[in-house]
Amino acid sequence: MSSVSAEPGMVRPGGRTARVRAAVLQAAGDSLAERGFAHLDLAEIARRAEVGKTTVYRRWGTATGLVADLLMDMAEQSLPRTETGSLLGDLKANARLVQRTLADPRQGALFKAVIAAATCEPKTAEALHHFYDIRVKEWAPCVQQAVDRGEVPEGTDTHEVIRAVSAPLYYRLLTSGAPLDEAAADQAAEAAAAAARAGAYLRGERLV
């Protein structure tokens, strides 16, 4: 598993420290959604969170450190996978979870800001990769269960199947502007399930 370099704010706190962290991360998420990464200012975040500026600088140090902790928290707070007993059912549950997140005005804008920042900020990119690594590993067992049931071939790359579900939804978010609705989520899941059954995600092999 890839790991994100520890930043001062990425300590798992409790009590008042946990409340401060929650307030700061909420404020950081709001600011990212409203103004983007370029305008993420630690002093402004402290004001929004109603905590001392020194506390924010001491615990997070930089905007990238704050974003890394925000992504870690988002990964931890994400809903666990749903098991329906079929690959298509599980992939639809995954796709609809992604769709609801990206279609949410705040969350969609937040992800756009973080993805944009990741193109030029290595630590933000590392944190984003770690976030998705956690989410893919959370859902990959549902593909392995499909392998065990004989729904898809042995040797299927479980992680690639999960990535294939969310990829069309992020494409809609970032480039096409097409609707991000449940129909789009179901279509993405159906396409990934069909490709997996056909052997498109066999490790080390490609359909000709």
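This report walks through a few helices of the structure and the way they pack. Keep in mind that the model is predicted.

Let's start with helix α1, which covers residues 16-35. At 1.5 Å a residue, its 20 residues should span 28 Å, and the end C-alpha atoms are indeed 28 Å apart, so the two values agree. Helix α4 (63-77) can be checked in the same way: it has 15 residues, and its reach from first C-alpha to last is close to what's expected. Here are the two side by side.

| Helix | Residues in helix | Expected span | Span in the model |
|---|---|---|---|
| α1 | 20 residues | 28 Å | 28 Å |
| α4 | 15 residues | 21 Å | 21 Å |

How much of α4 is buried? Most of it is covered, with 13 of its 15 residues buried. In α1, the buried residues are V20, R21, V24, L25, A27, A28, G29, S31 and L32. What do they pack against? Their partners are α2 (42-49), α3 (53-60), α4 and α6 (105-118). Just after α1 comes G36, with a positive phi near 85°.

Now for the pairing of α1 with α6. Two packed helices are described by the angle between their axes and the distance between the axes. Here the axes come within 7 Å and cross at roughly 80°, which means that α1 is roughly perpendicular to α6. On the α1 side, the contact is made by Q26, G29, D30, L32 and A33, while α6 brings R106, A109, L110, A113 and V114. Sort these contact residues by type and you get six nonpolar, two polar and two charged.

L32 deserves a second look. Setting aside neighbours within four places in sequence, L32 is in contact with F37, L40, V67, L70, A109, L110, A113 and V114. L32 also turns up in the largest nonpolar core, a set of 63 residues, where V24, L32 and L91 have the most contacts inside the core. Which helix gives this core its largest share? That's helix α7 (residues 122-149), with ten residues. As background, nonpolar side chains tend to be buried together in soluble globular proteins.

Last stop: D186, which sits in helix α9 (residues 182-197). Is D186 buried or exposed? Its relative accessibility is 13%, and buried means under 20%, so D186 counts as buried. Not counting residues up to four places away in sequence, D186 touches K92 and R96.

Notes
Residues numbered from 1 in each chain as written. Predicted model: local features only at pLDDT ≥ 70, side-chain atom pairs only at ≥ 80, totals over all residues. Heavy atoms only, no water. Helix = DSSP H or I, 4+ residues; strand = E, 2+ residues; numbered from the N terminus. Expected span 1.5 Å × (residues − 1). Buried < 20%, exposed > 50% of the residue type's maximum accessible area, 1.4 Å probe, protein only. Contact = heavy atoms within 4.5 Å. Axes fitted to C-alpha atoms, helices over the stretch in contact; angles between N-to-C directions. Parallel < 35°, antiparallel > 145°, perpendicular 65-115°, else oblique. Nonpolar A, V, L, I, M, F, W, Y, C, P; charged D, E, K, R; others polar. Core = buried A, V, L, I, M, F, W, Y, C linked by side-chain atoms within 4.5 Å.
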